[in-house]
Amino acid sequence: MAKARSTYVCQSCGAVAPRWAGRCDACGQWNTIVEEAPEQPLAASGGARLPKGRGRELHPLAGEATPPPRITCGIAELDRVTGGGFVPGSALLIGGDPGIGKSTLMLQALAALAGQGRRVVYVSGEEGLDQIRLRAQRLGVLDAPVLLAADTNVADIVATLERERPDVVVIDSLQTLWTPVVESAPGTVSQLRAGAEALVRLAKKSGAVVLLIGHVTKEGQIAGPRVVEHMVDAVLYFEGDRGHQYRILRAAKNRFGATDEIGVFEMRGRGLVEVENPSLLFMGDSQASVAGAAVFAGMEGRRPLLVELQALAVPTTFATPRRAVVGWDSARLAMILAVLEARAGVRLGQHDVYLNVGGGMRVREPAADLAAAAALISSLSGQPLPAGTVLFGEVALSGRVRAAPQAEQRLREAAKLGFSLALVAEETQVPKGLAMKVRPLADVAALAALLLQGGGGGAAAP
Ligand code: TYD
Ligand code: MG
């Protein structure tokens with residue numbers, strides 16, 4: 001029989017290649033391919049025969065469905081994102097950049113659960129017991145009856161948990177797990193998969209909630225992401241900018257709840273604090289109106305969130321002008337610049353352009369286009385937007401402004417926060433009795449005309 005050959009697995013997308021290469025053909029990432037020992041599933045031996053199975057009974061679709069029981073930890077922002085609490089017997093993946101606060105959030109959650117009399121275990125392969133205790137001291141939860149283990153061997157972890165039978169367990173982190181029967185190094189796709197598999201099985205069998213912490217690479221993927229994401233019941237990402245204190249917990253997948261919920265936290269000196277009313281967090285200090293600043297009435301999941309977009313256009317000294325973006329998509333900036341030039345005659349070809357989203361927030365919605373366009377026009381002209389203005393709407397290549405979803409919620413929130421004028425797409429449904437002026441715009445040319453017609457008062461004209 002031929003000797004089992006090593007396989008070469010991309011640590012970013014999980015694709016298998018026959019030989020090592022500097023760049024993965026499947027996802028295009030560099031230096032992500034790692035040699036791994038071969039796995040021995042049924043199919044690998046060229047068709048080991050499947051044993052004969054038994055025909056099973058089928059069930060009608062119609063029938064009673066009882067909602068699953070829930071374990072709430074009392075940190076409302078976390079309970080919200082999980083869909084109303086952890087479901088016993090489920091496994092969750094908590095992903096995020098190193099240093100963003102995953103260990104902090106999980107330790108706070110465990111301490112809260114322990115305080116309710118739940119049996120909880122924190123397994124760390126990253127930090128020693130002393131380090132965990134120091135963090136607990138900082139968080140002021142040293143008295144909570146959380147049980148600790150510093151372990152990386154999956155077999156030992158499973159044996160310990162089978163004996164202790166906790167209600168909730170945190171594994172910090174997936175990347176440190178090590179299964180003795182898998183030959184690859186810790187952190188590789190096969191180790192990650194084997195470790196996650198064993199722990200997901202433990203969750204199903206014992207009814208414990210298993211929270212798996214996973215580090216994300218710069219591109220927003222957990223090493224070996226595909227192989228772990230499909231195994232777990234929910235995937236929560238903890239996002240934010242380490243230079244800023246705000247963090248957003250977002251569900252990317254949830255078998256027991258909606259994925260459009262977010263939880264907002266603030267990292268303070270004594271841990272993460274919930275932010276119950278986040279709509280104004282990402283506003284920067286835009287009390288005074290400055291040229292180049294525009295407020296986008298955004299939505300994060302089901303929650304309205306006002307975000308300040310800041311643009312700066314300065315005459316360039318380079319042959320190719322610079323474009324730099326923080327918190328937004330640079331391809332989208334290029335598109336808006338082209339549309340402004342072609343459809344509204346706003347020329348930024350001789351300017352370096354910088355665009356920044358306030359508060360370390362990342363904006364993904366296309367509806368932010370109109371606010372970005374307004375910030376750019378205002379920066380070029382040096383005229384601030386009329387005070388108290390918010391904007392939302394997608395900009396098409398034709399220059400047309402398209403309506404954005406959930407307009408009513410965006411408008412109501414902005415009005416509630418004291419904004420007095422909304423610039424929106426023509427088809428936008430305006431709710432009755434709204435305490436603010438709404439001005440529909442057909443295209444970016446109309447936006448430019450409005451902003452350039454002179455002074456802040458101009459917006460009031462019909
Ligand atoms: P941590 O939870 O260790 O991040 P992760 O597990 O995602 O890698 O948090 C790391 C950062 O959070 C660290 O740089 C310090 C900061 N921090 C605070 O600001 N306040 C606190 O109370 C704690 C515990 C951490
Ligand atoms: Mg950590």
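**Strand pairing, domains and cavities in the predicted model**

Val9 stands opposite Val16, a residue of strand S2. This pair comes from a predicted model. Val9 belongs to strand S1, which spans residues 7-10. S1 and S2 run antiparallel, and two bridges join them. Both strands are part of an open sheet of three strands. The order across this sheet is S2-S1-S3, and the pairing is antiparallel. Strands S2 (16-17) and S3 (33-36) are its edge strands. Each of these two pairs on one side only.

The protein is divided into three domains. Domain 1 covers residues 1-39, domain 2 covers 76-276 and domain 3 covers 280-452. Strands S1, S2 and S3 fall within the range of domain 1. The C-alpha centres of domain 1 and domain 2 are 28 Å apart.

A further set of paired strands falls within the range of domain 2. Strand S9 takes in residues 234-240. Strand S10 takes in residues 246-254. Seven bridges connect the two, and they run antiparallel. Within this pairing, Tyr237 faces Arg250 of S10. S9 and S10 make up a hairpin, with five residues between them.

S10 also pairs with strand S11, residues 262-268. Here five bridges join the strands, again in antiparallel fashion. Arg247 has Phe265 in S11 as its bridge partner. S10 thus has bridges to both S9 and S11. How covered is strand S10? It is mostly covered, with seven of its nine residues buried.

The structure also holds two cavities of 30 Å³ or more. The largest encloses about 50 Å³ of space. Which residues line this largest cavity? Arg70, Thr82, Gly85, Phe86, Val87, Ser90, Leu92, Asp233, Ala234, Asn254 and Phe256 form the lining. By class, five of these residues are nonpolar, four are polar and two are charged. The nonpolar group consists of Phe86, Val87, Leu92, Ala234 and Phe256. Thr82, Gly85, Ser90 and Asn254 make up the polar group. Arg70 and Asp233 are the charged pair.

The lining also involves the hairpin strands. Ala234 lies in S9, and Asn254 lies in S10.

Notes: Residues are numbered from 1 along each chain as its sequence is written. Chains are lettered from A and ligands numbered from 1 in the order in which they are written. This is a predicted model: local features need pLDDT of at least 70, side-chain atom pairs count only at pLDDT 80 or more; totals for chains, interfaces and linings use all residues. Side-chain values use heavy atoms; hydrogens and water are left out. Two strands pair if DSSP finds at least two bridges between them. Helices (H or I, at least four residues) and strands (E, at least two) are DSSP runs, numbered from the N terminus. Domain bounds come from an automatic or database domain assignment. Buried means under 20% relative accessible area, exposed over 50%, partly exposed in between (1.4 Å probe, protein chains only). On a 1 Å grid over the protein atoms alone, a cavity is a set of points where a 1.4 Å probe fits but cannot get out, and a pocket is an open set with protein on both sides within 12 Å along at least five of seven lines; lining residues have an atom within 4 Å of a point. Grid points are joined across faces, edges and corners, and a volume is the space filled by probe spheres set on the points.
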